[in-house]
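Student: I should like to understand how the terms used for a protein model are justified. May I put some questions to you?

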Number of protein chains: 2
Amino acid sequence: MLSEMKRLLVGKPLANEQLAHERLPKRTALAVFSSDALSSVAYATEAILIALMYANREALGLATPISIGIVVLLITVAFSYRQTIMAYPQGGGSYIVSRDNLGKVPSLVAASSLLIDYILTVAVSMSAGVAAVTSAFPFLDPWRIEIAVGLIAVLTLANLRGLKESGSVFALPTYLFIASMAVMILTGLYNIAFGTVVIPPVPHIPHAEAGHAITIFLILRAFAAGCTALTGIEAISDGVPAFQKPESRNASTTLIIMVVVLSLMFLGITQLAESYRIIPDGSLEPETANSQLARAIFGGSSVFYYVIQASTMLILILASNTAYADFPRLSYFLAIDRYLPRQFAQRGDRLVFSNGVLFLGVVSAILVIFFKAREQALLPLYAVGVFLSFTISQFSMVQRWRTLKTPGWVGNAIINGLGATVTGVVLVVIAGTKFLEGAWAVLLLIPILVIVLLSIQKHYLDVAEQLSLNDAPAPVALRRHTVIVLVSGVHRGVVPALQYGLSLTSDNIRGLYIDMDAENTERIKTKWAQWGSGVELEILPSPYRSLIGPIREYLHRMEKRYHDDVVTVILPEFIPNRWWQNVLHNQTALALKTMLLFTRNVVVVSVPYHLDH
Amino acid sequence: MLSEMKRLLVGKPLANEQLAHERLPKRTALAVFSSDALSSVAYATEAILIALMYANREALGLATPISIGIVVLLITVAFSYRQTIMAYPQGGGSYIVSRDNLGKVPSLVAASSLLIDYILTVAVSMSAGVAAVTSAFPFLDPWRIEIAVGLIAVLTLANLRGLKESGSVFALPTYLFIASMAVMILTGLYNIAFGTVVIPPVPHIPHAEAGHAITIFLILRAFAAGCTALTGIEAISDGVPAFQKPESRNASTTLIIMVVVLSLMFLGITQLAESYRIIPDGSLEPETANSQLARAIFGGSSVFYYVIQASTMLILILASNTAYADFPRLSYFLAIDRYLPRQFAQRGDRLVFSNGVLFLGVVSAILVIFFKAREQALLPLYAVGVFLSFTISQFSMVQRWRTLKTPGWVGNAIINGLGATVTGVVLVVIAGTKFLEGAWAVLLLIPILVIVLLSIQKHYLDVAEQLSLNDAPAPVALRRHTVIVLVSGVHRGVVPALQYGLSLTSDNIRGLYIDMDAENTERIKTKWAQWGSGVELEILPSPYRSLIGPIREYLHRMEKRYHDDVVTVILPEFIPNRWWQNVLHNQTALALKTMLLFTRNVVVVSVPYHLDH
């Protein structure tokens with residue numbers, strides 16, 4: 001029944017041969033790999049404004065210079081990643097690149113930050129997507145968390161079925177988003193240039209009236225907040241093998257297009273937010289800054305306003321979906337290297353890494369619930385991991401050039417070195433300015449995760465060594481059986497168990513019954529005399545009404561008596577006709593089997609007796 | 001580790017001999033058995049007022065006549081139960097009495113209503129107890145549910161340890177409650193009689209201004225609501241064996257004292273509530289009617305007000321505790337008669353019926369959460385079951401007199417017949433007037449529960465018959481073993497499994513490996529050639545990467561081939577040194593074992609290989 005429900009939800013199993021890879025043309029690849037990066041303009045500008053508005057009303061004017069700084073950073077990082085794309089046509093994720101060039105611990109630091117990032121990508125993007133909807137329809141705000149968790153559930157299920165990475169699904173929302181943002185930005189700039197709108201005066205911000213000074217810390221904090229615009233730009237370097245040939249060339253061109261589009265959108269939105277005097281809505285049911293801007297430009301009841309909100313939501317869902325490709329793939333790599341349980345390396349029925357997909361869905365849903373689906377509350381956690389993995393990845397490239405010394409390596413090393421340095425500095429800025437807002441949790445979690453990954457590997461290697469046959473002694477044939485048949489009553493199920501035991505040994509066998517009730521015990525004795533096939537029945541008292549305790553002690557005594565044999569414990573189990581009837585039986589057998597499994601030198605034999613109805 | 005935690009929570013196990021019964025003198029027995037009945041005055045009057053205030057302001061004047069009617073009912077029922085006490089010195093709960101005199105189905109109807117009742121006793125009493133506290137300290141109201149669930153958890157734990165039914169624990173709160181109620185009622189009556197207080201005018205009840213007419217339905221509904229005052233009066237008849245000799249005499253006297261005390265308290269509180277113009281607080285954080293009354297009489301800041309609230313809470317906790325004695329005992333009786341899973345008949349470590357205690361705790365906590373710890377919302381569900389079990393119990397007694405025809409049986413039958421008739425009529429009134437408020441749920445649940453109990457018994461009897469050795473064939477010695485060793489890899493753990501298999505049969509044995517990865521398969525083949533002890537290795541392809549499917553099919557083919565043997569499947573299992581390391585292993589083995597258990601004619605053998613570190 002469970003398996004039928006699974007079939008209904010995820011579909012029929014797929015055979016190994018059906019595993020196929022699609023090669024994407026540039027225009028489709030742009031849609032597939034850029035949704036994560038492009039969608040960050042949905043919240044990055046707002047994050048800057050929120051950081052600034054805690055000072056005074058003039059501070060909001062700093063948004064544009066800060067966003068220009070972020071674009072410069074973006075271009076530097078892009079140049080650096082362009083080299084990774086060229087060097088790793090097979091795909092150059094931070095974990096792979098740092099494992100190759102820096103070694104174990106740095107690669108695990110990168111892997112841990114990425115695992116955290118992917119989970120945050122889902123939580124942040126889904127929350128921001130829902131915020132786009134509730135900005136347009138505020139009456140949906142109370143169901144915010146339910147909607148976000150529901151969307152995560154649908155996405156998880158779709159990925160368990162195995163979403164075809166077919167470009168068409170991705171292309172439409174991505175290009176719709178780019179187009180609608182372009183129309184909005186151009187309309188807004190035209191309005192301002194030709195003065196067709198009256199710009200309101202600098203708004204009143206209640207808590208800013210105190211007039212805090214504009215400090216360096218404040219500017220750095222706003223800059224750090226805006227750096228969330230860079231999340232997702234590493235996606236293309238991970239996915240080089242999915243491009244048409246020549247892969248690296250095409251991927252590199254796509255990266256440049258993406259960076260240009262992202263920069264223009266981010267600068268445009270920030271400039272307009274400043275010109276239109278948008279201030280983040282601090283109310284309990286906040287409207288996003290982008291929604292306020294779209295409303296100011298087009299009017300809240302125009303069709304175009306709704307198109308913008310809808311396309312924002314769609315691209316954010318796509319952005320979440322990229323994490324559903326990245327997280328299971330990274331956990332597959334880690335499981336292959338034995339840093340994660342083997343289950344993460346197994347393809348499920350539908351050829352996807354189901355365990356990774358499920359894990360990502362569950363953990364990101366928990367995050368969404370915990371942060372009440374407010375993406376601005378999640379953002380301080382997000383950027384730390386992203387920039388940590390950027391830095392490690394770029395630094396790995398520097399190391400690579402220094403080792404390989406290919407022609408022109410010095411120039412290459414300088415570009416990656418510059419990338420590593422600026423992302424490293426930004427990482428320190430983010431960690432410092434966002435520490436108390438949540439970055440501390442990520443900075444604490446990463447070393448813990450690294451230790452867990454290392455311990456898992458240590459355990460697996462340890463087990464492999466203990467199980468190794470390399471210097472194992474030659475197999476010794478079993479000399480002698482000692483058999484114990486556990487008896488809870490004398491019934492039909494006991495008879496085949498007893499016969500099975502007698503087939504192992506005819507003299508070293510006994511029944512074992514735990515006496516919990518004198519009356520029952522007498523009845524058992526009588527019946528055993530008739531049906532026990534001449535086997536001796538031992539009766540153990542159990543003053544504390546425990547089954548497990550006396551049996552365990554008995555086995556310990558047994559083990560001391562014989563040394564050259566194997567003790568076999570036979571459990572007669574009757575199996576009901578329908579699985580749910582098991583609720584009424586066999587609870588004790590299950591507990592017993594668990595105990596016996598952990599008892600040394602004991603082989604457990606289940607002899608079932610299947611009931612007919 | 002788990003077992004250590006259990007020891008810490010519930011204490012050391014107790015031996016069978018430590019099971020002892022205390023005999024209670026009347027004054028202690030009154031405290032032990034009357035807390036449930038007496039505590040109902042904490043909510044019964046308020047229930048009447050709530051039902052009345054929906055008509056008009058004059059309707060509140062009906063509270064006193066209605067409460068007099070309820071006291072008449074109470075006395076009638078008490079006389080009827082007095083005869084049960086005399087007839088059943090071994091304890092006359094509804095289930096036992098109706099099973100003896102009316103048969104299977106009526107006794108199960110009584111049992112089902114009682115099971116529901118006991119759960120409701122805990123939920124209602126705990127909620128009312130918390131209401132007494134939040135009336136005094138309204139700032140605690142938002143934590144109402146947490147407090148109630150926390151108290152249930154503490155009570156459950158205390159009962160798992162095995163609360164000694166020592167009278168002293170019960171005597172203090174019960175007598176404190178009786179005393180404080182007496183002081184309150186006498187003070188109130190004195191004040192009214194001598195006019196030392198100004199009674200406010202009839203209060204303004206917003207929704208009553210429409211002036212609905214006082215209908216028969218309204219009066220009956222108020223009467224039905226007040227009948228919750230009778231809950232718990234059957235407790236003494238259940239507990240006769242706990243009294244000192246002569247048990248029946250002493251129990252009967254105690255019943256009379258309890259009924260007198262209960263009647264006086266109930267009449268007094270209702271009379272005062274009317275005189276003091278108390279109307280139930282319909283606000284979101286309501287104050288109980290009793291709290292309002294105590295405040296009106298003593299002033300809200302007097303010590304005495306707090307004493308009343310505290311003693312109310314304590315007696316309500318005691319009332320819940322009586323359900324913790326009754327529910328496990330009844331489920332023990334039902335389990336002995338095979339209507340409930342055997343687990344309910346087993347005494348735990350501490351000699352209590354732990355499963356019944358746990359079940360009661362969990363279900364009543366769920367009810368409290370669902371009804372947000374509002375006892376007035378739970379009350380409509382409560383009275384139906386109580387009166388159904390009253391009616392069946394009294395009617396069983398009539399049946400008994402008609403069968404036994406002991407001297408004076410006609411008079412006895414008339415008394416019980418009157419009891420049965422009035423409780424039956426009240427049952428119809430409650431079911432009719434409270435149907436939409438929740439009584440429907442109980443009326444629906446009781447037949448469902450009866451069917452479940454009957455099905456469980458049918459299943460157990462069915463299994464017993466199938467397992468019966470009465471006309472079983474003589475045991476046949478096992479002729480021939482067919483052995484399959486499941487192999488997931490060739491490692492040290494496989495060697496002892498193979499040796500074990502070879503000890504069963506030297507020729508009819510094979511290894512079985514599921515091919516999921518061509519590369520691995522080649523490695524396995526090579527290793528097997530060296531370590532396989534000459535046993536053949538079969539390799540099954542699994543295009544869908546499933547282990548379970550191919551193995552199941554293989555076993556079906558196997559089973560068809562041989563008829564005169566037992567197929568033994570040997571699972572080599574390596575057991576990590578620490579139990580939590582199992583998270584990283586053996587998940588597949590567990591799923592396999594479950595599948596194999598349900599496959600006919602297959603014996604499962606676990607050969608463990610214990611790792612050293």
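Tutor: The following dialogue sets values from this structure against the definitions of the terms.

Student: What should be known about the model and its numbering?

Tutor: This is a predicted model, in which local features need pLDDT of at least 70 and side-chain atom pairs count only at pLDDT 80 or more, while totals for chains, interfaces and linings use all residues. Residues are numbered from 1 along each chain as its sequence is written, and chains are lettered from A and ligands numbered from 1 in the order in which they are written.

Student: How do you know which relation links chain A and chain B?

Tutor: Copies are superposed by least squares on the C-alpha atoms of residues with pLDDT of at least 70 in both. A turn of 180° with a shift of 0.1 Å along the axis lays chain A on chain B with an RMSD of 0.1 Å. That is the relation of a two-fold axis. Val605(A) is the residue of chain A that comes closest to the rotation axis, with its C-alpha at 2.2 Å.

Student: What makes two residues count as being in contact?

Tutor: Their C-beta atoms, placed from the backbone, must lie within 7 Å. By this rule, 56 residues of chain A are in contact with 57 residues of chain B. β5(A) gives the largest share of the side of chain A that touches chain B, namely seven residues. Helices (H or I, at least four residues) and strands (E, at least two) are DSSP runs, numbered from the N terminus.

Student: Why are β5(A) and β5(B) called paired strands?

Tutor: Two strands pair if DSSP finds at least two bridges between them. Three bridges join β5(A) to β5(B), residues 602-610 of chain B, and the strands run antiparallel; they therefore satisfy the definition. Val604(A) has Ser606(B) as its bridge partner.

Student: Which sense does the pairing of β4(B) and β5(B) take, parallel or antiparallel?

Tutor: These strands pair in the parallel sense, over nine bridges. Pro572(B) of this pairing stands opposite Val607(B). β4(B) is also joined to β1(B), residues 480-487, by six bridges, and that pair runs parallel.

Student: Why is helix α3 of chain A said to be largely enclosed by the rest of the structure?

Tutor: A residue is buried if 20 or more other C-beta atoms lie within 10 Å of its own, exposed if 12 or fewer, and partly exposed in between; the C-beta atoms are placed from the backbone. In α3(A), residues 44-52, nine of the nine residues are buried, so the helix is largely enclosed. Its cover includes α4, α9, α11, α12 and α15 of chain A.

Student: How do you know whether Ser533(A) is buried, exposed or partly exposed?

Tutor: Ser533(A) has 17 other C-beta atoms within 10 Å, so it is partly exposed. This residue lies in the loop between α19 and β3 of chain A. Its phi is positive, about 55°, although Ser533(A) is not a glycine.

Student: What makes Lys405(B) count as exposed?

Tutor: Lys405(B) has 11 C-beta neighbours inside 10 Å, so it falls in the exposed class. Lys405(B) is placed in the loop between α15 and α16 of chain B, and its phi is near 50°, a positive value in a residue other than glycine.

Student: What kind of peptide bond joins Lys245(A) and Pro246(A)?

Tutor: That bond is cis, with omega about -10°. Pro246(A) belongs to the loop between α10 and α11 of chain A.
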